[in-house]
Amino acid sequence: MSQTTVPPDAVPQADTTVTVSSVPPKGLVTRLVGVITSPRDTFAAVVAHPQWIGMALLVILVTAGSGAWFQSTEVGKQATLDEAIRQVEAFGMTVSGPMEAEMRKGIMDPSLGRQVFSIAMMAIMPPIVWAVIAGLAMLVFGALMGGKGSFKQAFAVVVHSSAIGVIGALVLTPVNYLRESLTSATNLAVLMPFLPEGSFLARLLGMADIFRIWWVAVLAIGIGMAFQKKTRTVAFVLFGIYAVIAIGFAAFMAARS
C-alpha cells in the first residue's frame, strides 16, 4: 500500500484558523471581559464577526472621559503643567519665565475653544491610530507574510485590543490623581529610581510599561487569529518593532537631554 504524505503547510493551524460558521458572536460586555480573561476565544469571535463600533465607542468614552475629568481638576491641571515643562526640558530646552507663564495660563485656565479642541482630539485620534496600525498589519502580515486577513478584521482586532487601554485608564487615572503626577507609575524605571534622570537606560526602562507590554501581547493574539499566523511569530515581530522604537526613542531623548 502506498502512503500519502501531507505537506506540513497543508496542516491547518488549530490555534489560528477561524471558521465563521463555527464561532458564535459575542456581546459587547463579553468581548470586553474576554479580551482580558480569554483573548484567544474572544478574538476568534471578533475575527469571525468583525463588529467594532460598540467597542470603539466604549474605549473612547472611557479613556477620553477619564482624561477629561483628570484635566478638569486642580491636581490634574498642575500635573499636566509639570509634565509639559518636563517634556520641554527633556528636549534640552530651558523653560523661561514668560514661556512658563504662557503654558500655565493655557493649562490652568483654558479657553472654551481649547477645551473643545482637546476633547475632540481625544475622540478623533484613536480611530486614526487604529487605522494606521491595522494598515501596517495588512502590510506586514498580509502582503509580506501571506496572511489571509481583511482590513476589517485587522481593524476590529486592533480596536478590541484597546480594551487594555480601558483597564489602564480606570487604574492609572485615580493613581495619577493621588500621586499628583502624569509620569507613568507602571514602567520598569519606577523600580530603579537611582538611575540618572534623562539617561538612556532610564528612558529605555520608562518605555517598558506594563500596560503597553500587555497590549502588544494581546494584539499579537488577535493579529495571529486574523491573519492565520502563529501567535509566537506575530509576537516576535510586534515586540521586535516595539523594542526598536523604544531603543530609538530612548537614544534620541538621551542625546537631546
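This is a short walk through some helix contacts, an aromatic cluster and a few single residues in one structure. Keep in mind as we go that we're looking at a predicted model.

Okay, let's start with helix 3, residues 53-72, and its partner helix 8, residues 163-179. Their axes sit 9 Å apart, and the packing angle is about 15 degrees. Anything under 35 degrees counts as roughly parallel, so that's what we call helix 3 and helix 8. As for handedness, helix 3 goes past helix 8 in a left-handed crossing.

Who's actually touching? On the helix 3 side you've got Val59, Val62, Thr63, Ser66, Trp69 and Phe70. Helix 8 answers with Ala163, Gly165, Val166, Ala169, Leu170, Thr173, Asn176 and Tyr177. Sort that contact by class and you get 9 nonpolar residues, 5 polar ones and no charged ones. If you're wondering about the spacing in those lists, residues three or four places apart on an α-helix point the same way, because there are 3.6 residues a turn.

Now stay on helix 3, but look at helix 4, residues 74-90. Here the axes come within 4 Å and cross at roughly 90 degrees, so helix 3 and helix 4 are roughly perpendicular. From helix 3, the residues involved are Phe70, Gln71 and Ser72. They meet Glu74, Gly76, Lys77, Ala79 and Thr80 of helix 4. The class split for this contact is 2 nonpolar, 4 polar and 2 charged. Notice Phe70, by the way: that residue is in the contact with helix 8 and also in the one with helix 4.

Next up, the aromatics. The count for the model comes to 6 aromatic pairs. Let me pick out Trp52 with Phe155: the ring centres are 4.9 Å apart and the planes are at 80 degrees, which makes the pair edge-to-face. In sequence the two are 103 residues apart, so to speak at a distance along the chain. Trp52 is in the loop between helix 2 and helix 3, while Phe155 belongs to helix 7, residues 151-161.

Which of the two is buried, and which is partly exposed? Phe155 is the buried one, at 9% relative accessibility. Trp52 comes in at 30%, so Trp52 counts as partly exposed. And these two have company: Trp52, Trp130, Phe151 and Phe155 make up one aromatic cluster.

Let's move on to helix 9, residues 200-207. Its buried residues are Ala202, Arg203, Leu205 and Met207. Yes, there's an arginine on that list. What do they pack against? Helix 4, helix 10 and helix 11.

Over in helix 10 we find Phe211, which is buried at 15% relative accessibility. Setting aside neighbours within four places in sequence, Phe211 is in contact with Ile164, Ile167, Gly168, Val171, Leu172 and Thr186. For a sense of scale, Phe211 and Val140 are 71 residues apart in sequence, and their C-alpha atoms are 24 Å apart in space.

Last thing: two residues for the backbone fans. Glu180 has a positive phi, near 55 degrees, and isn't a glycine. Glu180 lies in the loop between helix 8 and helix 9, and is exposed, with a relative accessible area of 52%. Gln228 also has a phi near 55 degrees. That one is in the loop between helix 10 and helix 11, and is partly exposed at 31%.

Note on methods
Residues are numbered from 1 along each chain as its sequence is written. This is a predicted model: local features need pLDDT of at least 70, side-chain atom pairs count only at pLDDT 80 or more; totals for chains, interfaces and linings use all residues. Side-chain values use heavy atoms; hydrogens and water are left out. Axes are lines fitted to C-alpha atoms, for helices over the stretch in contact, and angles run from 0 to 180 degrees between N-to-C directions. Angles under 35 degrees count as roughly parallel, over 145 as roughly antiparallel, 65 to 115 as roughly perpendicular and the rest as oblique. A crossing is left-handed if the near helix is turned anticlockwise from the far one by less than a right angle, and right-handed if clockwise. Contact means heavy atoms within 4.5 Å. Ala, Val, Leu, Ile, Met, Phe, Trp, Tyr, Cys and Pro count as nonpolar, Asp, Glu, Lys and Arg as charged, and the others, Gly among them, as polar. Rings of Phe, Tyr and Trp (its six-membered ring) pair if their centres lie within 6.5 Å; planes under 30 degrees apart count as stacked, over 60 as edge-to-face and the rest as tilted. Buried means under 20% relative accessible area, exposed over 50%, partly exposed in between (1.4 Å probe, protein chains only).
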